[in-house]
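Dear colleague,

I am handing over the structure below, and after it you will find my notes on what turned up in it. Please read them with the structure open beside you.

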Amino acid sequence: MEIHERPTWDEYFSRIARDVALRSTCIRHQFGAVIVNEKHEIVATGYNGVVRGAPHCLEVGCVKDKNNIKSGTGHEVCPGVHAEQNALIQAGRNSLNCTLYLNAFPCKICARLIVNSGIKRVVVSGEYTDREGLQILRDAGVIISHIDLKKKQGTEEC
């Protein structure tokens, strides 16, 4: 019988965030978020897409592409709700002292919401063009780690 290597908790939940992102209806980026409490229980998940009941960008196209708006900007033009925002809405006050797993850097808007929700740690397994959110998290004392799922290495500071 061959013994397999179990993933670390960070690898496990980062992979789940990557899978949650597959539900995204955004043409440009598929983002996923998983909020996990101190007992390693999933509190909430979220992926990016338009508001409930609106036609998906997969069906009608991307308004940012149509207006030549570059990635990481024009959040006010996009009808989408970010993965972090959807997960935080689901979690409510249950996000206090939790860890948030993301497959990309949070934007500055989501970073502010993460701080105010009481999330204590963010683990990122990907990148995004808007890096300003990382500084907002650092300034607020939120612990940020980066995990490379391809290399299967431990976490490191972003």
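Just after helix H5, Gly 118 takes a positive phi of about 95 degrees; please keep in mind, here and below, that this is a predicted model. Helix H5 itself spans residues 108–117, and its buried residues are Cys 110, Ala 111, Ile 114 and Ser 117. Seen down the axis of H5, these buried residues fall within an arc of 130 degrees, so they line one face of the helix. An α-helix has 3.6 residues a turn, so residues three or four places apart point the same way. The cover over the buried residues of H5 includes helix H4, strand E5 (99–102), strand E6 (121–124) and helix H6 (132–139).

Turning to enclosed space, the count comes to 1 cavity of 30 Å³ or more, and the largest cavity has a volume of about 340 Å³. Its lining is made up of 29 residues, of which Cys 26, Phe 31, Asn 48, Cys 78 and His 82 lie nearest the centre. Strand E3 (49–50), strand E4 and helix H4 (83–91) are the elements that give two or more residues to this lining, and by class the lining has 15 nonpolar, 11 polar and 3 charged residues.

Finally, Ile 69 is placed in the loop between helix H3 (63–66) and strand E4 (80–81). With a relative accessible area of 16%, Ile 69 is buried, because the cut-off for that word is under 20%. Leaving aside neighbours within four places in sequence, Ile 69 is in contact with Arg 28, Lys 64, Gly 74 and Val 77.

With best wishes

How values were computed: Residues are numbered from 1 along each chain as its sequence is written. This is a predicted model: local features need pLDDT of at least 70, side-chain atom pairs count only at pLDDT 80 or more; totals for chains, interfaces and linings use all residues. Side-chain values use heavy atoms; hydrogens and water are left out. Helices (H or I, at least four residues) and strands (E, at least two) are DSSP runs, numbered from the N terminus. Buried means under 20% relative accessible area, exposed over 50%, partly exposed in between (1.4 Å probe, protein chains only). Contact means heavy atoms within 4.5 Å. On a 1 Å grid over the protein atoms alone, a cavity is a set of points where a 1.4 Å probe fits but cannot get out, and a pocket is an open set with protein on both sides within 12 Å along at least five of seven lines; lining residues have an atom within 4 Å of a point. Grid points are joined across faces, edges and corners, and a volume is the space filled by probe spheres set on the points. Ala, Val, Leu, Ile, Met, Phe, Trp, Tyr, Cys and Pro count as nonpolar, Asp, Glu, Lys and Arg as charged, and the others, Gly among them, as polar. The arc is that of the directions from the helix axis to the C-beta atoms.
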